[in-house]
Amino acid sequence: MKDPFMQAALEEARKGRREGGIPIGSVLVIDGRIVGRGHNQRVQKGSCVLHAEMDCLENAGRLKASDYRRATLYSTLSPCDMCSGTVLLYGIPKVVVGENLSFQGPEAYVRSRGVELDIRDDAECKQLMQDFIAQQPALWNEDIGE
């Protein structure tokens with residue numbers, strides 16, 4: 001059975017791609033309920049920081065520290081340094097990652113700080129990124145800072 005929260009993150013990733021952006025999606029789950037969702041919008045909004053996770057957290061709005069400590073962040077791709085730093089800043093205890101072959105953030109460091117990482121190696125997440133990277137290598141390199 002497919003994880004409905006990862007499926008919601010994938011919906012966000014597909015939405016971003018349809019908008020001409022980078023197909024990475026994210027949802028924030030607290031107590032079994034999605035409280036925030038987002039997708040990479042660097043292209044759409046001309047932003048330097050709107051990665052999927054950042055957009056998701058922004059859309060979740062202001063939360064209490066106790067809310068973040070009960071949260072799980074889902075992302076179709078391994079979070080970068082910026083997004084991982086935000087996970088650490090707010091004390092989000094678990095991150096579920098669709099795939100980390102296309103890109104791998106600072107996973108060992110995040111784990112060393114007590115965050116549980118659940119790497120799914122999801123075929124759909126991998127295919128979405130592989131197709132995008134093949135079609136838009138320059139945009140991909142811009143997104144990852146290369």
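Within what distance do the axes of helix 1 and helix 7 come, and at roughly what angle do they cross? In this predicted model, the axes of helix 1 (residues 4-18) and helix 7 (residues 123-135) come within 11 Å and cross at roughly 15 degrees. Since angles under 35 degrees count as roughly parallel, the two helices are therefore roughly parallel to each other, and their crossing is left-handed. On the side of helix 1, the contact is made by Met6, Gln7, Leu10, Ala13, Arg14 and Arg17, which meet Glu124, Cys125, Leu128, Phe132 and Gln135 in helix 7. By character, the residues of this contact comprise 6 nonpolar, 2 polar and 3 charged.

Helix 1 also takes part in an aromatic contact. The count of aromatic pairs comes to 3, and among them is that of phenylalanine 5 with tyrosine 74, whose ring centres are 5.5 Å apart and whose planes stand at 55 degrees, so that the pair is classed as tilted. Because phenylalanine 5 belongs to helix 1 and tyrosine 74 to strand 3 (residues 71-77), the pair ties together parts that are 69 residues apart in sequence. Both partners are buried, phenylalanine 5 with a relative accessible area of 19% and tyrosine 74 with one of 8%.

A further aromatic pair, formed by phenylalanine 103 and tryptophan 140, is edge-to-face, with 6.4 Å from centre to centre and 85 degrees between the planes. This pair likewise links distant parts of the chain, given that phenylalanine 103 lies in the loop between strand 4 (94-99) and helix 6 (107-112), whereas tryptophan 140, 37 residues apart from it, lies in helix 8 (residues 137-143). Tryptophan 140 is buried, its relative accessible area being 5%.

Note on methods:
Residues are numbered from 1 along each chain as its sequence is written. This is a predicted model: local features need pLDDT of at least 70, side-chain atom pairs count only at pLDDT 80 or more; totals for chains, interfaces and linings use all residues. Side-chain values use heavy atoms; hydrogens and water are left out. Axes are lines fitted to C-alpha atoms, for helices over the stretch in contact, and angles run from 0 to 180 degrees between N-to-C directions. Helices (H or I, at least four residues) and strands (E, at least two) are DSSP runs, numbered from the N terminus. Angles under 35 degrees count as roughly parallel, over 145 as roughly antiparallel, 65 to 115 as roughly perpendicular and the rest as oblique. A crossing is left-handed if the near helix is turned anticlockwise from the far one by less than a right angle, and right-handed if clockwise. Contact means heavy atoms within 4.5 Å. Ala, Val, Leu, Ile, Met, Phe, Trp, Tyr, Cys and Pro count as nonpolar, Asp, Glu, Lys and Arg as charged, and the others, Gly among them, as polar. Rings of Phe, Tyr and Trp (its six-membered ring) pair if their centres lie within 6.5 Å; planes under 30 degrees apart count as stacked, over 60 as edge-to-face and the rest as tilted. Buried means under 20% relative accessible area, exposed over 50%, partly exposed in between (1.4 Å probe, protein chains only).
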